[in-house]
Amino acid sequence: ATTEIYTRSLHDALPIYTLLVGAFVLSATILLVYGFLWLAIAAFIVSGIAGIALLRLMLQMGRADRLP
């Protein structure tokens with residue numbers, strides 16, 4: 001039962017992490033367009049960290065071959 005709950009929790013987290021990565025990339029792009037270079041760099045760094053977390057999560061679930 002514990003394994004099922006853990007797997008379900010990881011499965012539920014995938015769309016959330018995917019949205020986070022997309023939101024940070026979009027934010028960074030908008031900040032860059034409006035000339036906020038340092039904030040854009042920070043947002044790109046955060047998106048990279050979130051992307052790494054997403055990749056690790058997918059690897060844990062054995063889904064690295066189906067990256068979003």
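Start with the whole chain on screen: among contacts between residues with a separation of 6 or more, 55% join residues 24 or more positions apart. Keep in mind as you click around that this is a predicted model.

**Stop 1: the whole protein**

Switch to a cartoon view and look for the secondary structure. You should find two helices and zero strands. Now turn on the surface. The protein has about 5100 Å² of accessible surface, and carbon and sulfur atoms hold 72% of that. How much of the protein is buried? Of its 68 residues, 19% are.

**Stop 2: helix α2**

Select residues 37-61, which form helix α2. Try the distance tool on the two end C-alphas: this helix of 25 residues reaches 36 Å from the first to the last, close to the 36 Å expected at 1.5 Å a residue. Then step just past the end of the helix. Gly 62 follows α2, and its phi is positive, near 75°.

Back inside the helix, colour the buried residues of α2: Ala 40, Ala 43, Ser 47, Ala 50, Leu 54, Leu 57, Met 58 and Met 61. We'll visit two of them next.

**Stop 3: Ser 47 and Ala 50**

Pick Ser 47, a residue in helix α2. Why does Ser 47 count as buried? Because its relative accessible area is 8%, and buried means under 20%. Which residues touch Ser 47, if you skip its neighbours within four places in sequence? Show Val 21, Phe 24 and Val 25, and you have the contacts.

Now move along to Ala 50, which also sits in helix α2. Ala 50 counts as buried because its relative accessibility is 9%. Once you leave aside the neighbours within four places in sequence, the contacts of Ala 50 are Tyr 17, Val 21 and Phe 24. Draw a line from Ala 50 to Tyr 17: these two are 33 residues apart in sequence, but their C-alphas are 6.9 Å apart in space.

**Stop 4: the core**

Select Ala 13, Leu 14, Val 21, Ala 50, Leu 54, Leu 57, Met 58 and Met 61 and show their side chains. Together these eight residues are the largest nonpolar core. Helix α1 (2-33) and helix α2 each supply at least two residues of this core. Which helix gives the most to this core? That would be α2, with five residues.

**Stop 5: the nonpolar patch**

Go back to the surface view and colour Val 25, Leu 32, Leu 37, Trp 38, Ile 41, Phe 44, Ile 45 and Ile 49. They make a nonpolar surface patch of about 800 Å². Two or more residues of the patch come from each of α1 and α2. Helix α2 has the largest share, with six residues.

Zoom in on Ile 49, one of the patch residues. Ile 49 lies in helix α2. Is Ile 49 buried or exposed? Exposed, because its relative accessible area is 55%, and the cut-off for exposed is over 50%.

**Stop 6: Ile 52**

Last click: Ile 52, whose place is in helix α2. Ile 52 counts as exposed because its relative accessibility is 54%. How far is Ile 52 from Val 21, C-alpha to C-alpha? Your distance tool should give 9.5 Å, although the two are 31 residues apart in sequence. You have met Val 21 already, as a member of the largest nonpolar core and as a contact of Ser 47.

How values were computed
Residues numbered from 1 in each chain as written. Predicted model: local features only at pLDDT ≥ 70, side-chain atom pairs only at ≥ 80, totals over all residues. Heavy atoms only, no water. Helix = DSSP H or I, 4+ residues; strand = E, 2+ residues; numbered from the N terminus. Buried < 20%, exposed > 50% of the residue type's maximum accessible area, 1.4 Å probe, protein only. Contact = heavy atoms within 4.5 Å. Areas by Shrake-Rupley, 256 points an atom, 1.4 Å probe, with all protein chains shown as cover. Core = buried A, V, L, I, M, F, W, Y, C linked by side-chain atoms within 4.5 Å. Patch = residues over 30% accessible without salt bridge, like charges linked within 9 Å, V, L, I, M, F, W, Y side chains within 5 Å. Salt bridge = Lys/Arg side-chain N within 4 Å of Asp/Glu carboxyl O. Expected span 1.5 Å × (residues − 1).
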